[in-house]
Amino acid sequence: MTATDNCSEYVEVTLNHFFTQLNLDDCDTGDFLTRTWTAIDGCGNLTIHEEVITMLGDEIGCPEDLNGNGSVEVGDLLLLLADFGCFTECSADIDGDGAVTVNDILLLLAAFGDSC
Ligand SMILES: [Ca+2]
Ligand SMILES: [Ca+2]
């Protein structure tokens, strides 16, 4: 998510809130999560953008299966470790918080060995 401003070269964009609803048991109706993005310019003016992401039941699958080969295995762990510390446009951001952190590793390890 990016933002531009007429007066400020730099606009701070933050992800204030995410994960307002996730019905993993109700896949047929489509689960969704809501992210609220806030952009603040150099003068303190702010705008808020709500992003709603709809997830179809069949697509929830295994976010931990980073290489898409149908199981959570060493290859996925190596991809995650290669992306560890990423804070923008991360390919191994499993929990959707925008960064690749220890929590993403823990989620992958919890699913390790699972078939997707
Ligand atoms: Ca895999
Ligand atoms: Ca993450």
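The protein is built from 3 helices and 3 strands, and the order of these elements from the N terminus onward is β-β-β-α-α-α. The model described here is predicted, with a mean pLDDT of 81 for the protein and with 78% of the residues reaching 70 or more. Confidence varies between the elements, being lowest in helix 1, which covers residues 57-60 and has a mean of 54, and highest in helix 2, where the mean is 96. Of the 116 residues of the protein, 10% count as buried. Among the contacts with a separation of 6 or more, 41% are accounted for by residues that stand 24 or more positions apart.

In the strand region, A39 may serve as an example of such a long-range arrangement, since A39 belongs to strand 2, which spans residues 31-40. Although 26 residues separate A39 from V13 in sequence, the C-alpha atoms of the two are 4.3 Å apart in space. When neighbours within four places in sequence are left aside, the contacts of A39 are with A3, V11, E12, V13, L46 and T47. A39 counts as partly exposed because 18 other C-beta atoms lie within 10 Å, whereas 20 or more would be required for a buried residue.

The helical part of the chain contains a pairing of helix 2 (74-82) with helix 3 (102-111). The axes of helix 2 and helix 3 come within 11 Å of one another and cross at roughly 180 degrees, and helix 2 is therefore roughly antiparallel to helix 3. The contact is formed by D76, L77 and L80 on the side of helix 2 and by D104, I105 and L108 on the side of helix 3. By character, the residues of this contact divide into 4 nonpolar and 2 charged, with no polar residue.

The largest nonpolar core consists of 7 residues, namely L66, V72, L80, A92, I94, V100 and L108. In soluble globular proteins, nonpolar side chains tend to be buried together. Two members of this core, L80 and L108, also take part in the contact of helix 2 with helix 3. A further member, A92, is in contact with L66, L79, L80, D83, V100 and D104 once neighbours within four places in sequence are set aside, so that the partners of A92 include L66, L80 and V100, which are themselves listed in the core.

The loop between helix 2 and helix 3 contains two residues that can be considered in turn, C86 and E89. C86 is in contact with A99 and V100, apart from neighbours within four places in sequence, and the C-alpha atoms of C86 and T101, 15 residues apart in sequence, are 7.9 Å apart in space. Because 17 other C-beta atoms lie within 10 Å, C86 is partly exposed. E89, by contrast, counts as exposed because it has 7 C-beta neighbours inside 10 Å. The backbone of E89 has a positive phi of about 50 degrees, although E89 is not a glycine. Most residues other than glycine have a negative phi.

Towards the C-terminal end of the chain, L107 is located in helix 3 and D114 in the segment that follows helix 3. L107 has contacts with E64, I94 and D95 when neighbours within four places in sequence are excluded. Of these partners, I94 is a member of the largest nonpolar core; I94 and L107 are 13 residues apart in sequence and 7.4 Å apart in space, C-alpha to C-alpha. L107 itself counts as partly exposed because of its 16 C-beta neighbours inside 10 Å. D114, with 14 C-beta neighbours inside 10 Å, is likewise partly exposed. Leaving aside neighbours within four places in sequence, D114 is in contact with C62, S71 and V72, and V72 is one of the residues of the largest nonpolar core. The C-alpha atoms of D114 and G70 are 8.7 Å apart in space, although the two residues are 44 residues apart in sequence.

Conventions: Residues are numbered from 1 along each chain as its sequence is written. Chains are lettered from A and ligands numbered from 1 in the order in which they are written. This is a predicted model: local features need pLDDT of at least 70, side-chain atom pairs count only at pLDDT 80 or more; totals for chains, interfaces and linings use all residues. A nonpolar core is a set of buried Ala, Val, Leu, Ile, Met, Phe, Trp, Tyr and Cys residues joined through C-beta atoms within 7 Å. A residue is buried if 20 or more other C-beta atoms lie within 10 Å of its own, exposed if 12 or fewer, and partly exposed in between; C-beta atoms are placed from the backbone. Two residues are in contact if their C-beta atoms, placed from the backbone, lie within 7 Å. Helices (H or I, at least four residues) and strands (E, at least two) are DSSP runs, numbered from the N terminus. Axes are lines fitted to C-alpha atoms, for helices over the stretch in contact, and angles run from 0 to 180 degrees between N-to-C directions. Angles under 35 degrees count as roughly parallel, over 145 as roughly antiparallel, 65 to 115 as roughly perpendicular and the rest as oblique. Ala, Val, Leu, Ile, Met, Phe, Trp, Tyr, Cys and Pro count as nonpolar, Asp, Glu, Lys and Arg as charged, and the others, Gly among them, as polar. pLDDT is the predictor's confidence in each residue, from 0 to 100.
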